Amino acid sequence: MRTERPRTREVVAFLSTAWALGCLGDRPPEPVRFEPYQPELFADGGALTDAWADFDGDGDPDRFVGFDGSTSRLYRNDLLDGFTNVAAETGLDVTRSVRTSAWGDFDGDGDPDLLLGFAGPPPVTALYRNDGGRFVEISGEVGLRVAEGATRQASWIDFDEDGDLDLFLAMRDRANLLFENRGADGFVEIGASLGIADGRRSVGAVWFDVGDGRLDLLVANMNGDANALLLQTEAGFRESDDEAVRAGGRGLGDDAQGSVRPCVVDFDSDGDFDLFFANYGPNGLLERSAPAGFTNVAEGRGLANDSRYDTCVWGDFDHDGTIDLYVNGTVGGETHYRDWLMRREGGGDFLDVTPPELLRLNASHGATWVDFDLDGDLDLALAGAAPDGMHLLMQNLLRPELSWHSLQIRVLDARGLATRAGTEVRLFAPGTRQLLGSRLVDTGSGYDAQSDLPVHFGVRGGRPVDVEVTILADGMRRSLLVEDVDPEDYRGGALTLRIADDGSLVP
C-alpha cells in the first residue's frame, strides 16, 4: 500500500498522454457471460428486497433477501464453501412480507444492523441490532417502530454530520420520514420540521451533494407525482425547481407513469454527478448542465426505453474503464417487462448487450452489483417478485486476467465506522488530473435493494492510480489525495481509507 505520502493538492490541468496510451488503448469488447451460482439455493421466487453487508466481519459480503410472505433468508458468505442460509440461527427468519431492508451501523459498535419494513398490519418497521452475529429486534426501544404506512427505500445517512447514522424512509402512502439519531436517547422523527415530510407517493431516494458542501436528497415519486430534489440549507431543506429532475424523463400527472429508483452516476467521467431514473415510462438520464442544473439526454444516448422498470444499477462489469448500466423491468399481472444490460463502449452511446442467461430470468425489484467471490469483477444479484421468480446470484465470467483490473475502495470515518455515505471517490492517472472515473458512497438508493459495500472501479491495464476522496463537513467540501495506489496490492479485498472531518487520512 503506497499511502505514506497522502496529501491534498489543488486541481492542476495536466493530461498524461503516455498513461492514456498505455492503459486506455483499444481492445475488442469482452464477451458478456454470466452463470448462476448455487442456483438451487437461490431458486425460490417471491423475492422483494436484496441487501448486502459483511454482517459477521469476516471480510466478504453477505446477503439478506426479504420475501413476499415466505421466510426471509440471511445468506452467510463462506467464499470457497459458498453461501449458507443462517436466518434461523441468527434471528432473521422473518415471515412477514418484507418491502424494505437496509444495513447500517446505527449504534456505532462496528457491525451492521438491519432495518426492515413490512407490508400488512402494524408495526410496519423493525430494527434488528447485530449483537455479535445474533440479531435482536429493538425498534420499540429506540423510537423506530412505525405503526402504519407502506415503507419503501430506507437510507442510513449522517445528514447532520454529528458522527452517527440517521434514517430516512421513503413512504408510498404517507409523508416521508426522517429520524435523527440522538444516541442514548434513541431516534426522533424530524422530517416535518426540516421540510422533508413530503406526501407524494415515494419509492426511491438517494443522498448526494449537488455542490454546496451539504448532503441533499433526491426522491423518486410514482403515480404521476413530480420527483423532488431537496437541497439542504442551514434552516432545513428547500425543493429545487429544476423541471428536468421533477419529470425524471417520464410524464408528469399521468397516474400510470412515475420514477422508481434514482441513481447518481458520473456516466461520462467528467467529474460531476449526473442522474438516472428507472421509470414507469421512458427512463431518464440527466446530464449535469450547470452548477445545480440537469438536462435529459437519455434519448440521444440510447437509454430512453419506454416500459416499466424497477431499478437501475451502474458498474464497470467488463473493466474497460467506462461505467455500464443494468435496468430490470417489473412484473405486472402476467406481463414480465424485459431487462436491459447496457454497455458503454469507447465513451459513446450505450449498447444493448443483455445475454440470454439474464433475459430469461425476468427479474424485478432488487438488483445489486457485488463482487461476492472477491475475484475483482462485479457479479449481479437479482430478485424476482413473482411466484415463479428467483433470487439468483449471477457470477460474472470475465476472463481471469482481466478480473483483477479493478480497485475497490471503502471509506470510513476516523473511528473506523461506516458513516461516510455521500462521500465522493475519484480515480486519476498518477501524477495528473486525468480523470478515470467517479463513484458515490451510497447506502440506500435502490428500490428494494441496498448495500454497505465498497465502491468499485474497473482499471484498464490494472495500473497504479491516484485516489481522491471528497468528504462533506461543516458546509464545505474537503479532498484528500492518496497517490500511486497499485490495484495489485488489493486483490481479494479493498483499499480502506479512514478519513477525519478535516479531510486528513487516519493511519
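In this predicted model, the protein carries 45 positive and 90 negative charges. The mean positions of the two sets lie 2 Å apart. The accessible surface amounts to about 17,900 Å². Carbon and sulfur atoms contribute 48% of that area.

The secondary structure comprises seven helices and 38 strands. The radius of gyration is 21 Å, close to the 23 Å expected from the globule rule for 507 residues, so the protein is as compact as a globular protein of that length. The C-alpha trace extends over about 65 × 50 × 50 Å along the principal axes. Burial was assessed for the 507 residues, and 62% of them count as buried. Contacts were also examined by sequence separation. Among those between residues at least 6 apart in sequence, 56% join residues at least 24 apart.

One disulfide is present in the structure. The bond connects Cys263 and Cys312, with an S to S distance of 2.4 Å. This value falls within the 2.5 Å cut-off applied to pairs of cysteine sulfur atoms. Distant parts of the chain are linked by the pair. Cys263 belongs to strand E18 (residues 258–265). Cys312 belongs to strand E22 (residues 306–315). The two cysteines are 49 residues apart. The torsion about the S-S bond of Cys263 and Cys312 is about 115 degrees, so the disulfide is right-handed. Both Cys263 and Cys312 are buried, each with under 20% relative accessible area.

Key:
Residues numbered from 1 in each chain as written. Predicted model: local features only at pLDDT ≥ 70, side-chain atom pairs only at ≥ 80, totals over all residues. Heavy atoms only, no water. Helix = DSSP H or I, 4+ residues; strand = E, 2+ residues; numbered from the N terminus. Rg over C-alpha atoms; globule rule 2.2 N^0.38 Å. Buried < 20%, exposed > 50% of the residue type's maximum accessible area, 1.4 Å probe, protein only. Contact = heavy atoms within 4.5 Å. Areas by Shrake-Rupley, 256 points an atom, 1.4 Å probe, with all protein chains shown as cover. Lys, Arg positive; Asp, Glu negative; His and termini not counted. Charge placed at Lys NZ, Arg CZ, Asp CG, Glu CD.
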